[in-house]
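User: I would like to go through the charge pairs, the nonpolar cores and the main pocket of this protein, with the reasoning spelled out for each point.

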Amino acid sequence: MSPSPLRIGVLAVQGDVREHVHVLSSLGAEATGVRRPRELDEVEAIVIPGGESTTMDKLVRAFELYDPLRKRIADGMPAYGSCAGMIMLADRIADARPDQQTLGGLDMTVRRNAFGRQVDSFEEDLHMPEVVGADGEPVRAVFIRAPWVEQVGEGVQVLATVESRPAAGHVVAVRQGNLLATSFHPEVTGDHRVHDYFVQMVRAARA
């Protein structure tokens, strides 16, 4: 018998929910939006999409998902956060609003909107050998009002840094255990390798 499909949820309170569901489904996962605690109970991993991190924080609490999500992540549930999702998974925010909370799990400090405003959005090729293999083509990364990582703890693996522009050297992709985060939006490029890397993480966690 073939194993059952991986059940991966996409936090559906704001952001590129449909795009993430489409990519995950194309990779063979059983992907669905998660907006209620009972829906979270039915998945074995979660994707936290881009959006606006302070709004997402308020909505997660409004939908009574904050505590269940935080507990599942702390207990080892695989999670992937892109852009605002990276902020939500960070233990610390350098420029957080006074009432802003995160789900935590990644031992790092991030800065919101670090690359500038919407008009400062840009694309760049990133070398990510851990994700695509040593000989893999670079990942085309789309940055939209994106954060960057200012500090990581010892247990955090840096997967990619900006390679050009004034922001060269800043960390934009990390992994710590079952948690993955990127500053950029791989769901909008047609390149599914970052999602495939996460799917493999989920499969390994199931095993």
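The questions and answers below take up these topics in turn.

User: How many salt bridges are found in the whole structure?

Analyst: Because this is a predicted model, side-chain atom pairs are counted only at pLDDT 80 or more. Side chains of opposite charge can pair when their charged atoms come close. A search of the whole structure on that basis gives a number of salt bridges equal to 10.

User: Which residue forms a salt bridge with Arg112, and how far apart in sequence are the parts that the pair ties together?

Analyst: The partner of Arg112 is Asp95, with 3.8 Å between the closest N and O atoms. Arg112 is buried at a relative accessible area of 12%, whereas Asp95 is partly exposed at 25%. Arg112 sits in the loop between β6 (106-111) and β7 (122-126) and Asp95 in the loop between β5 (90-93) and β6, so the parts tied together by Arg112 and Asp95 are separated in sequence by 17 residues.

User: Which strands hold Arg140 and Asp125?

Analyst: Arg140 and Asp125 form a salt bridge whose closest N and O atoms are 3.2 Å apart. The pair ties together parts that are 15 residues apart in sequence, because Asp125 lies in strand β7 and Arg140 in strand β8 (residues 139-143). Arg140 is partly exposed, with a relative accessible area of 36%, and Asp125 counts as partly exposed at 36%. The strands asked for are therefore β8 for Arg140 and β7 for Asp125.

User: In the salt bridge of Asp191 with Arg193, which residue is buried?

Analyst: The closest N and O atoms of Asp191 and Arg193 are 2.7 Å apart. Buried means under 20% relative accessible area, and Arg193, at 26%, is partly exposed. With a relative accessibility of 17%, the residue that counts as buried is Asp191.

User: Which residues are linked with Glu44 in a network of salt bridges?

Analyst: Beyond the separate pairs discussed above, there is also a network of salt bridges that includes Glu44. The residues linked with Glu44 in this network are Arg7 and Arg206.

User: Which helix gives the largest share of the largest nonpolar core?

Analyst: In soluble globular proteins, nonpolar side chains tend to be buried together. The largest nonpolar core here has 39 residues, and Ile8, Phe115, Met128, Phe143, Phe184 and Phe198 have the most contacts inside it. The largest share of this core, 6 residues, comes from helix α7 (residues 193-206).

User: How many residues make up the other core that lies apart from the largest one?

Analyst: In the largest core, Phe184 is one of the residues with the most contacts, and beyond its neighbours within four places in sequence its contacts include Tyr80, Leu126, Met128, Phe143 and Val194. Apart from this core lies another, with Val34, Ile73, Met88 and Val149 among its members, and its number of residues is 32.

User: What kinds of residues line the largest pocket?

Analyst: About 160 Å³ of space lies in the largest pocket. Its lining has 15 residues, with Gly51, Glu52, Cys83, Ile144 and Arg145 nearest the centre. By kind, the lining divides into 5 nonpolar, 6 polar and 4 charged residues.

User: Is Cys83, in the loop between β4 (79-82) and α5 (84-89), buried or exposed?

Analyst: Cys83 has a positive phi of about 55° although it is not a glycine. Arg145, in the loop between β8 and β9 (148-152), has a positive phi of about 45° and counts as partly exposed at 35%. With a relative accessible area of 4%, Cys83 is buried.

Key. Residues numbered from 1 in each chain as written. Predicted model: local features only at pLDDT ≥ 70, side-chain atom pairs only at ≥ 80, totals over all residues. Heavy atoms only, no water. Salt bridge = Lys/Arg side-chain N within 4 Å of Asp/Glu carboxyl O. Helix = DSSP H or I, 4+ residues; strand = E, 2+ residues; numbered from the N terminus. Buried < 20%, exposed > 50% of the residue type's maximum accessible area, 1.4 Å probe, protein only. Core = buried A, V, L, I, M, F, W, Y, C linked by side-chain atoms within 4.5 Å. Contact = heavy atoms within 4.5 Å. 1 Å grid on protein atoms, 1.4 Å probe; cavity = no way out; pocket = protein on both sides within 12 Å on 5 of 7 lines; lining within 4 Å. Points joined across faces, edges and corners; volume = space filled by probe spheres on them. Nonpolar A, V, L, I, M, F, W, Y, C, P; charged D, E, K, R; others polar.
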